[in-house]
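Let's take a walk through this structure together, from its charged pairs to a pocket and a patch on the surface. Please keep the sequence and the 3D view open as you read.

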Amino acid sequence: IPLRDAAFAAVAKVFSAMSQRRVQSDLHESAAKGRLGRVGHFNTISNFLADEASTAVLLSLIEESAKPLAAIENGQFAIDSTGFSTVTYDRWFDQKHGKLMAAHPWVKLHVMVGTVTNVVTGVKVSSEADCPLLPSLLATTAKRFTVKEVSGDKAYLSAKNLKAPLTPREGFDM
C-alpha cells in the first residue's frame, strides 16, 4: 500500500491504543470518508513500524505537527527520557547458578517538550545515555520554536550541554 496509507494506519493504531485487528474497522471508516486511500492487511502496520525507513517519516510527522503551537509556546522547554522494553525476549539456562534466566532489551525515548502546551518538539529512540542527546533535540526544537530556556534533570548536565546554542547556528557540532 502507499507509504501515506501505511503511515496513517500506524498512527491511527497507536492513537487508538487498540490492536492491529481491532483498528481495521476505524481504517475502513476513514477510507470511506476519503481520508485513507486503501486499507491494507492488519500486518501492514507492523511491517511499516518495523521498517527503519519509517523512522524519518514518523519524526517528520512529530516535528510538523508541533509547528502550529510555536506562537503559543513561551520559549521554555523541558527534556527527559523514559525507558521501555522491546517485544524481544531472551531466555537461557545459567549453568553457574543452575536456574533459568530471562531478559528484555530496553531502549529509551528521549523527548523535548514545550512547557505551556506539552507539545513534543523533538524525539529520539535509542539506547544512548541522556546527556549526549540534548544538543540534537535542542537543535530540532530551535528550527521551529524560539527557545529561551531548557529544563532537565542532572542526567543532562555537561559543559557541552551548557554551551549548546538556543538558536540554530552553523558550525556547532550537534
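A residue counts as buried when its relative accessible area is under 20%, as exposed when it is over 50%, and as partly exposed in between. Keep in mind, too, that this is a predicted model.

With those cut-offs in hand, start at Lys-108, which is partly exposed because its relative accessibility is 25%. Its salt-bridge partner is Asp-130, and the closest N and O atoms of the two are 2.7 Å apart. Lys-108 sits in strand 4 and Asp-130 in the loop between strand 5 (120–126) and helix 5, so this pair ties together parts 22 residues apart in sequence. Asp-130 itself is buried, since its relative accessible area is 8%.

In total, the structure holds 7 salt bridges. Another of them brings together the side chains of Glu-63 and Arg-144, at 3.5 Å from N to O. Here distant parts of the chain are linked: Glu-63 belongs to helix 4 (residues 54–66), whereas Arg-144 is in the loop between helix 5 and strand 6, 81 residues apart. Glu-63 counts as buried because its relative accessibility is 17%, while Arg-144, at 23%, counts as partly exposed. This pair also belongs to a network in which salt bridges with shared partners join Glu-63, Glu-64, Lys-67 and Arg-144.

Now turn to Arg-4 and Asp-5, whose side chains meet in a salt bridge of 3.9 Å, N to O. Is each partner buried or exposed? Arg-4 counts as exposed because its relative accessibility is 57%, but Asp-5 is buried, with a relative accessible area of 2%.

Next, look for the second largest pocket, where about 220 Å³ of space lies. Its lining comprises 15 residues, and those nearest its centre are Leu-134, Val-150, Tyr-156, Asn-161 and Leu-162. Helix 5 (134–142), strand 6 (149–151) and helix 6 (159–163) are the elements that give two or more residues to this lining. Strand 6 gives the most, with 3 residues. Sorted by class, the lining of this pocket has 8 nonpolar, 4 polar and 3 charged residues.

Finally, come back to the surface. Phe-84, Trp-106 and Val-125 make a nonpolar patch of about 320 Å² there. Trp-106 lies in strand 4 (residues 106–114), the strand that also holds Lys-108. Trp-106 counts as exposed because its relative accessible area is 56%.

How values were computed:
Residues are numbered from 1 along each chain as its sequence is written. This is a predicted model: local features need pLDDT of at least 70, side-chain atom pairs count only at pLDDT 80 or more; totals for chains, interfaces and linings use all residues. Side-chain values use heavy atoms; hydrogens and water are left out. Patches are made of residues with over 30% relative accessible area and no salt bridge: like charges are joined within 9 Å, nonpolar side chains (Val, Leu, Ile, Met, Phe, Trp, Tyr) within 5 Å. Accessible areas come from the Shrake-Rupley method with a 1.4 Å probe; for residues, only the protein chains shown count as cover. A salt bridge is a side-chain nitrogen of Lys or Arg within 4 Å of a carboxyl oxygen of Asp or Glu. Helices (H or I, at least four residues) and strands (E, at least two) are DSSP runs, numbered from the N terminus. Buried means under 20% relative accessible area, exposed over 50%, partly exposed in between (1.4 Å probe, protein chains only). On a 1 Å grid over the protein atoms alone, a cavity is a set of points where a 1.4 Å probe fits but cannot get out, and a pocket is an open set with protein on both sides within 12 Å along at least five of seven lines; lining residues have an atom within 4 Å of a point. Grid points are joined across faces, edges and corners, and a volume is the space filled by probe spheres set on the points. Ala, Val, Leu, Ile, Met, Phe, Trp, Tyr, Cys and Pro count as nonpolar, Asp, Glu, Lys and Arg as charged, and the others, Gly among them, as polar.
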